[in-house]
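Here are my notes on the model, point by point. Please read them with the structure open.

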Amino acid sequence: MFGFLKKKRGTADEAGTAAPPPESAAADVDVAAAEPVAEIPAEPAAEPVAAAAEPVPAPKRSWSERLKAGLARTRQQLGGGLASLFGRRRIDEDLLEELEATLLMADCGVEATQHLLGELRTRWKRDRLETADQLQQTLADALHAIIAPLEQPLEVSGHSPYIIMIAGVNGSGKTTSIGKLAKYFQAQGKSVLLAAGDTFRAAAREQLMTWGERNNVTVVAQEGGDAAAVIFDAINAARARKVDVVLADTAGRLPTQLHLMDEIAKVKRVIAKAEPGGPHEVMLVLDANIGQNALAQVQAFDKAIGVTGLVVTKLDGTAKGGVLAAIARQCPKPLRFIGVGEGIDDLQPFRAREFVDALFEPAPGTARSGTEAGGRA
Ligand SMILES: Nc1nc2c(ncn2[C@@H]2O[C@H](COP(=O)(O)OP(=O)(O)OP(=O)(O)O)[C@@H](O)[C@H]2O)c(=O)[nH]1
């Protein structure tokens, strides 16, 4: 669990601007320590476990199991809704209308929903679909076709250091995602340096420093100061140490806070001064709970800083997983990673097929829907 990265939720008002500190104030943390224990979140429907004398570690679940568990609420909304629709009658216009409501409630958005219904109507008539399973399989395929273009994994080997700037609204999951991404890149054999560019909340800096100490990752931080100065120092440190990947945190901000959007645009310009061509990835972190508001956030951050990739977090806490279809239709950006929990391994590269499979696969113990099984272990 990311308990050590947990913090009090900052308010938008905390994100004011501050004068840059002297560069010498940079605190460079580079401490080796033990691996953190990644707790696996419990299944929503799990029975409470009686206290045992000897704690028995929970069996580690595969990513596809965690993805399936994480998407349970969206699956219930979408797949469950469909199962009850499909289960009771033959395909007709009334059924398609109810299906439309189900897709909208899963936050697929009007455009994607209309597109999906158009596909279903065409296939229903052209291929003479009759059974519920056939229609559900057709829907799964059509959804896959919509979101597949978002599957563009991040390739960090083109530059050294490869600079990833992280942005997003308050509490979207930026800092925790940085911890998870650092672990992910380390597992690929990359060296990582963290820039504690969320200078508005001391807690954010401390969380990154603690995380860095535990995982033997260098963290460049300053007491107070502005994000641009911290990240500038971090890039120079990364270059000197021949670090492969720099993950630069920034403070949360709302797109309506125009002065803060100007400020993050300045951070990006300073990165380009420190490393011509950088940042190589401008990653926007979106909380899936916001549903359709994600579209406005993508557009606003894109306008200010040119978003090149997305991370969608907290898919485990929402029934709004259909928002991926809305993003794909209305403001497509490469979806680099998705998050389905607070555990360190609960953020993984987005793969459209396994996402769709996880949505349409029946919950354990129920009948199969006919959708192809799959997913990584
Ligand atoms: N359930 C769940 N919680 C998550 C996920 N990702 C992040 N969180 C939690 O969301 C909360 C906020 O995450 P932070 O990383 O602190 O968010 P932030 O964007 O850095 O916040 P600010 O610095 O205030 O802007 C923390 O409690 C995280 O543990 C996820 O995929 N699933």
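1. A definition first, for the strand pairing below. Two strands pair if DSSP finds at least two bridges between them. In this case, Ala195 has Val220 in S4 as its bridge partner. The model is a predicted one, so please read every point with that in mind.

2. Stay with that pair of strands. Strand S3 covers residues 192–195, and it runs parallel to S4 with 3 bridges between the two. Helix H7, residues 202–214, joins the picture here: S3, H7 and S4 form a β-α-β unit, and the unit is right-handed.

3. How many residues of strand S4 are buried? The count is 5 of 5 for this strand, which spans residues 218–222. Both faces are covered. Thr218, Val220 and Gln222 are buried on one side, and Val219 and Ala221 are buried on the other. Val220, the bridge partner of Ala195, thus sits on the side with Thr218 and Gln222.

4. Now the whole protein. The secondary structure consists of 12 helices and 9 strands. Of the 377 residues, 48% are buried. Among contacts with a separation of 6 or more, 79% link residues 24 or more positions apart.

5. The domain assignment lists two entries. Domain 1 is made of two segments, 26–33 and 156–351, while domain 2 is 64–150. Their centres, taken over C-alpha atoms, are 33 Å apart.

6. Which element gives the most to the side of domain 1 that touches domain 2? Take the contact totals before the answer: 24 residues of domain 1 are in contact with 22 residues of domain 2. Helix H11, residues 323–330, gives the most on the domain 1 side, with 8 residues. By class, that side has 13 nonpolar residues, 7 polar and 4 charged.

7. The ligand comes last. It is surrounded by 26 residues. The closest are Gly173, Thr175, Thr176, Gly252 and Gly339. Helix H6, residues 174–187, supplies the largest share of the shell, 3 residues. What is the make-up of the shell by class? There are 13 polar and 10 charged residues, with 3 nonpolar.

8. For a figure, I would ask for three panels. One could show S3, H7 and S4 as the right-handed β-α-β unit. Another could show helix H11 on the side of domain 1 that touches domain 2. A third could show the ligand with its closest residues, including Gly173 and Gly339.

How values were computed:
Residues numbered from 1 in each chain as written. Predicted model: local features only at pLDDT ≥ 70, side-chain atom pairs only at ≥ 80, totals over all residues. Domains from an automatic or database assignment. Contact = placed C-beta atoms within 7 Å. Helix = DSSP H or I, 4+ residues; strand = E, 2+ residues; numbered from the N terminus. Nonpolar A, V, L, I, M, F, W, Y, C, P; charged D, E, K, R; others polar. Near = placed C-beta within 6 Å. Buried ≥ 20, exposed ≤ 12 C-beta atoms within 10 Å, placed from the backbone. Right-handed = clockwise from strand over helix to strand, strands pointing away.
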